[in-house]
Amino acid sequence: MSEIKKTAAIHDMSGFGRCSLTVIIPVLSAMSVQVCPVPTAVLATHTGGFGAVTMQDLTGFMPRCLEKYRSLEIGFDAVYSGFLATEAQIDHCLDFFRCYSDSLKVVDPVMGDHGRVYSTYTPEMCKRMGELARAADVITPNLTEAAILLGEDYAAELPLDTARDWITRLLKFVENVVITGVKLEEDGEIICLCANNGGIWRIDCDYVPQNYPGTGDIFAAVLTGGLLKGDTLQKAASRAAGFTEAAVKATFERGTPARNGVIFEEKLHLLTSDSVIRKTTFIG
């Protein structure tokens, strides 16, 4: 009897604001992937727009969770990490990767956005995140995180040639890379870039004049689900971009406060078909 795919999801759990595990679990479940959460921290809300953060660090839980899974001989088709609360959690993620070396290893290197590093991330944590990225099969940085990984200065807009150079350099230490939210200097277009040893592809996205928390989590979750379903990297990235865009557009039309996150719940049915897949363009 075959089981559905399983992923260990190493992320925080924010109670309000639609991000991290509160979006990852339903998104991957809609794609017929069983999510086994390994919470790094529990927060009352996400960290943007709600004042002082109310958080319980769960660093000590992570190795106990891994030990339990190993004792039960539970296998995972993927291990997928996101927000990490402490430097020690990077070591625990690496332990998961070593234990499940044959699993798909996805790292969303959550460190910052819009040119700013999150307040909980120290320079040493950012450096160690590069170590975790090198242990992955797939990474999904936004433009800020790509700049941090490469030691580059952040720019709100990049020439396409520079964006291609960045993703090519990231390929030197991980086999599959997706950079999200790249605004092109030439024409202001918003694109995602994905690359592996087969080449580089761009996925064009419609601009929405609002930023919402949790969109990176939604994107990386759909990408992971697509890869587990057998999508190529570019198809999985296109599926992720299309679904995220559909949810963002629906939220913008509602006019709800940005800090409440993306109203994705009504769009989950789109994940059961290929209707959200966007066009990919090979660029090198």
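This passage describes charged side chains and their salt bridges in a predicted model.

A search of the whole structure identified 18 salt bridges. In one of these, the side chains of aspartate 95 and arginine 98 meet with an N to O distance of 2.6 Å. Both residues belong to helix H3 (residues 87-99), where, being three residues apart, they are separated by about one helical turn. Aspartate 95 is partly exposed, at 31% relative accessibility, whereas arginine 98, with a relative accessible area of 55%, is exposed.

A further salt bridge joins aspartate 204 to arginine 202, with the closest N and O atoms 2.7 Å apart. Here the acidic partner, aspartate 204, is partly exposed at a relative accessible area of 26%, while arginine 202 has a value of 14% and is therefore buried, falling under the 20% cut-off.

Glutamate 266 and arginine 254 likewise form a salt bridge through their side chains, at 2.7 Å from N to O. This pair links distant parts of the chain, 12 residues apart, since arginine 254 lies in helix H8 (233-254) and glutamate 266 in the loop between helix H8 and strand E12 (280-282). Glutamate 266 counts as exposed at 51% relative accessibility, and arginine 254 as partly exposed at 48%.

Salt bridges also connect Glu87, Asp91, Arg128 and Glu131 in a network. Apart from these pairings, Asp161, Glu185, Glu186, Asp187 and Glu189 form a negative surface patch; of the residues in this patch, glutamate 186 is located in the loop between strand E9 (176-183) and strand E10 (190-196).

Conventions
Residues are numbered from 1 along each chain as its sequence is written. This is a predicted model: local features need pLDDT of at least 70, side-chain atom pairs count only at pLDDT 80 or more; totals for chains, interfaces and linings use all residues. Side-chain values use heavy atoms; hydrogens and water are left out. Patches are made of residues with over 30% relative accessible area and no salt bridge: like charges are joined within 9 Å, nonpolar side chains (Val, Leu, Ile, Met, Phe, Trp, Tyr) within 5 Å. Accessible areas come from the Shrake-Rupley method with a 1.4 Å probe; for residues, only the protein chains shown count as cover. A salt bridge is a side-chain nitrogen of Lys or Arg within 4 Å of a carboxyl oxygen of Asp or Glu. Lys and Arg count as positive and Asp and Glu as negative; His and the chain ends are not counted. The place of a charge is taken as NZ of Lys, CZ of Arg, CG of Asp or CD of Glu. Helices (H or I, at least four residues) and strands (E, at least two) are DSSP runs, numbered from the N terminus. Buried means under 20% relative accessible area, exposed over 50%, partly exposed in between (1.4 Å probe, protein chains only).
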